Amino acid sequence: MDGGNLFGELAGLAAALVPGTALTPAAILRTAAERMTGRRLTVRVDGHDVRFTVTALDYEADTLRLAAGRLGDVRLVADDVSWPDFPLRRVTVLGKDVRVRSLPVITATPASVELEVRVAAEVVTGRLAELRPDLVIELADGYARVRWAKVPGLGHLDVEPTLTEDAVVLVPRGLRVAGLRLPPRIDPISVALPEFPEGLRLTGIEPHPDELVLRLNAAQWPERLSRVPLLDLLGWVLRPSG
């Protein structure tokens, strides 16, 4: 459907749901963003219930853009994501140049998608301790510090993560043993990347003292960002939050 039909469908349904009010499509989207922000939601992902709190929903669209079936860039921020066996501090999804179609269901399709995933440092180091109990690993700004668990005070090795096409490479940057700074004559450690869904690739990894930040890019998003019957969507948005 073209933008004109989308505009008419939105306005007609809004008028039916809220008699006596003149809600534009842009106003409906603003209401949706306001109602969604701060809510604890649950979605089903690969057979698991994933809970999260929406903390931001930003978009560029006004009524004129919507009339042309365009939302522009859309940013969704979800905090405290209960991903199975690996809780995430924050997930930010940025859809670039999102286009909207109205039938058979309202559908938002981005030209590309960027994701930013933040994981608390204690979650990362705890999982690494399970995998390598002989090592103590701490995160710092831009690098990780590795100690020998049996004698953690003996010294440490600093490694910086870099990316190749199919691996994370840990490059030694500094070695200190018994208080002496030594040249890190240690070969880089290559860790194979897991298999991501088609079209999704890891573009950045940033250690910080309190969290690990992963950046991913999807040049072609394999699924629709939203696929919700429009009448149900409007009914949910306009329902009193109680």
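**Exercise 1. Determine in which strand threonine 92 lies, and whether threonine 92 is buried or exposed.**

Solution. Threonine 92 lies in strand 4; strands (E, at least two residues) are DSSP runs numbered from the N terminus, as are helices (H or I, at least four residues). The model is a predicted one, in which local features need pLDDT of at least 70 and side-chain atom pairs count only at pLDDT 80 or more, while totals for chains, interfaces and linings use all residues. Residues are numbered from 1 along each chain as its sequence is written, and side-chain values use heavy atoms, with hydrogens and water left out.

Next, consider accessibility. Threonine 92 has a relative accessible area of 12% and is therefore buried; buried means under 20% relative accessible area, exposed over 50%, and partly exposed in between (1.4 Å probe, protein chains only).

Finally, list the contacts, defined as heavy atoms within 4.5 Å. Not counting residues up to four places away in sequence, threonine 92 touches Arg75, Leu76, Val77, Glu114, Leu115 and Glu116.

**Exercise 2. Identify the strands that pair with strand 6, and state why strand 6 is largely enclosed.**

Solution. Begin with strand 4 (residues 88-101), which pairs with strand 6 in the antiparallel sense over seven bridges. Two strands count as paired if DSSP finds at least two bridges between them. Leucine 94 has glutamate 114 of strand 6 as its bridge partner.

Turn then to strand 14 (residues 211-218): it runs antiparallel to strand 6, and eight bridges join the two. Here arginine 118 has valine 213 of strand 14 as its bridge partner.

As to enclosure, seven of the nine residues of strand 6 (residues 112-120) are buried, so this strand is largely enclosed by the rest of the structure.

**Exercise 3. Find where aspartate 97 and alanine 178 are placed, and compare their exposure.**

Solution. Aspartate 97 is found in strand 4. Although not a glycine, aspartate 97 has a positive phi of about 50°. Its relative accessible area of 25% makes aspartate 97 partly exposed.

Alanine 178 is placed in the loop between strand 10 and strand 11. This residue also has a positive phi of about 50° without being a glycine. Alanine 178 has a relative accessibility of 59% and so counts as exposed.

**Exercise 4. Describe the second largest pocket by its volume and by the residues that line it.**

Solution. The volume is about 180 Å³. On a 1 Å grid over the protein atoms alone, a pocket is an open set of points with protein on both sides within 12 Å along at least five of seven lines, and lining residues have an atom within 4 Å of a point.

The lining consists of Leu135, Val146, Arg147, Trp148, Val151, Leu154, Gly155, His156, Leu157, Leu175, Arg176 and Val177. Strand 8 (143-148), strand 9 (155-163) and strand 10 (167-177) each give two or more residues to this lining.

**Exercise 5. Locate arginine 181 and state which residues it contacts.**

Solution. Arginine 181 belongs to strand 11 (residues 180-182). With a relative accessible area of 60%, arginine 181 is exposed. Leaving aside neighbours within four places in sequence, arginine 181 is in contact with Leu175 and Arg176. The C-alpha atoms of arginine 181 and histidine 156 are separated by 9.8 Å, and the two residues are 25 apart along the chain.

Terms used: On a 1 Å grid over the protein atoms alone, a cavity is a set of points where a 1.4 Å probe fits but cannot get out, and a pocket is an open set with protein on both sides within 12 Å along at least five of seven lines; lining residues have an atom within 4 Å of a point. Grid points are joined across faces, edges and corners, and a volume is the space filled by probe spheres set on the points.
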